[in-house]
Amino acid sequence: MMRRLLLALALLLMAAPAFAVNPDEVLADPALEARARALSAELRCMVCQNQSIDDSNADLAKDLRLLVRERITDGDSDEAVLNYIVSRYGEFVLLKPRVSMKTVLLWGAPVLLVLAGGLSLLVFARKRAGKPTGSKLTADEQAKLSELLKK
């Protein structure tokens with residue numbers, strides 16, 4: 001009995017993302033609906049943050065899905081729809097950010113910092129390698145060393 005209950009619960013949870021897009025949001029034209037679904041899969045829900053608006057049940061996600069469908073039915077291209085959403089909500093709304101100078105710096109800065117740190121350690125180690133460590137021997141210590149070396 002418990003297994004059947006768990007199985008039923010698992011099946012319901014697996015179907016949860018399917019309930020995100022409500023039937024009243026679906027466009028009549030299948031081609032336009034497919035475009036809307038593809039665009040919705042690229043946009044982040046600002047409430048859930050790691051879900052697309054296509055998978056989210058949040059009110060903001062629903063508003064964004066409706067906005068996407070509205071822009072598509074108005075004749076906007078996919079790029080124009082994404083640009084419009086990004087202009088209103090910022091680059092964070094994209095699940096896969098565009099490659100720009102900001103993203104290159106964001107992803108490249110850690111690599112550059114590690115390389116700079118490694119280079120500075122190398123330079124520091126080379127400078128220290130040529131310098132003698134400790135202080136010079138006193139006359140008394142030099143005499144004792146000479147005696148030991150003669151033996």
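Me: Which residues does UniProt place in the feature "transmembrane region"?
Reply: Happy to start there, with the note that this is a predicted model. The feature comes from an unreviewed UniProt entry. That record places the "transmembrane region" at residues 104–125.

Me: How far apart do the end C-alpha atoms of residues 104–125 lie?
Reply: In the model, this span is 100% helix and 0% strand. From one end C-alpha atom of the span to the other, the separation is 31 Å.

Me: Where in the protein chain is confidence highest?
Reply: Let's begin with the whole chain: its mean pLDDT is 83, and 89% of its residues reach 70 or more. Confidence is lowest in helix α1 (residues 2–14), at a mean of 77. Where pLDDT is low, the predicted coordinates should not be read in detail. The highest confidence belongs to α4, at 90.

Me: Are α3 and α4 parallel or oblique to each other?
Reply: Helix α3 (residues 59–73) packs with α4 at an angle of about 140°, and their axes are 10 Å apart. Angles over 145 degrees would count as roughly antiparallel. The crossing of this pair is right-handed. The two helices, α3 and α4, are therefore oblique.

Me: How many charged residues does the contact of α3 with α4 have?
Reply: On the α3 side we find Leu-60, Leu-64, Leu-67, Val-68, Arg-71 and Ile-72. They meet Val-81, Tyr-84, Ile-85, Arg-88 and Tyr-89 in α4. By class, the contact has 9 nonpolar residues and no polar ones, and the charged residues number 2.

Me: What is the handedness of the crossing of α2 and α4?
Reply: Helix α2 (residues 30–42) and helix α4 (residues 78–89) pack at an angle of about 40°, with 11 Å between their axes. That angle makes α2 oblique to α4. As for handedness, the crossing of α2 and α4 is right-handed.

Me: Which residues of α4 make the contact with α2?
Reply: From α2, the contact takes in Arg-35, Leu-39 and Glu-42. Counting both helices, the contact divides into 3 nonpolar, no polar and 3 charged residues. The α4 residues are Asp-78, Val-81 and Leu-82.

Me: At what angle do α2 and α3 pack?
Reply: The axes of α2 and α3 are 10 Å apart, and their crossing is right-handed. The helices pack in a way that makes α2 oblique to α3. Their packing angle is about 135°.

Me: How many polar residues are in the contact of α2 with α3?
Reply: Leu-32, Glu-33, Arg-35, Ala-36, Arg-37, Leu-39 and Ser-40 in α2 take part. Their partners in α3 are Arg-65, Val-68, Arg-69, Ile-72 and Thr-73. The contact has 5 nonpolar and 5 charged residues, while the polar ones number 2.

Conventions: Residues are numbered from 1 along each chain as its sequence is written. This is a predicted model: local features need pLDDT of at least 70, side-chain atom pairs count only at pLDDT 80 or more; totals for chains, interfaces and linings use all residues. Side-chain values use heavy atoms; hydrogens and water are left out. Axes are lines fitted to C-alpha atoms, for helices over the stretch in contact, and angles run from 0 to 180 degrees between N-to-C directions. Helices (H or I, at least four residues) and strands (E, at least two) are DSSP runs, numbered from the N terminus. Angles under 35 degrees count as roughly parallel, over 145 as roughly antiparallel, 65 to 115 as roughly perpendicular and the rest as oblique. A crossing is left-handed if the near helix is turned anticlockwise from the far one by less than a right angle, and right-handed if clockwise. Contact means heavy atoms within 4.5 Å. Ala, Val, Leu, Ile, Met, Phe, Trp, Tyr, Cys and Pro count as nonpolar, Asp, Glu, Lys and Arg as charged, and the others, Gly among them, as polar. UniProt positions are given in the numbering used here, feature names are shortened, and annotations may be inferred rather than shown by experiment. pLDDT is the predictor's confidence in each residue, from 0 to 100.
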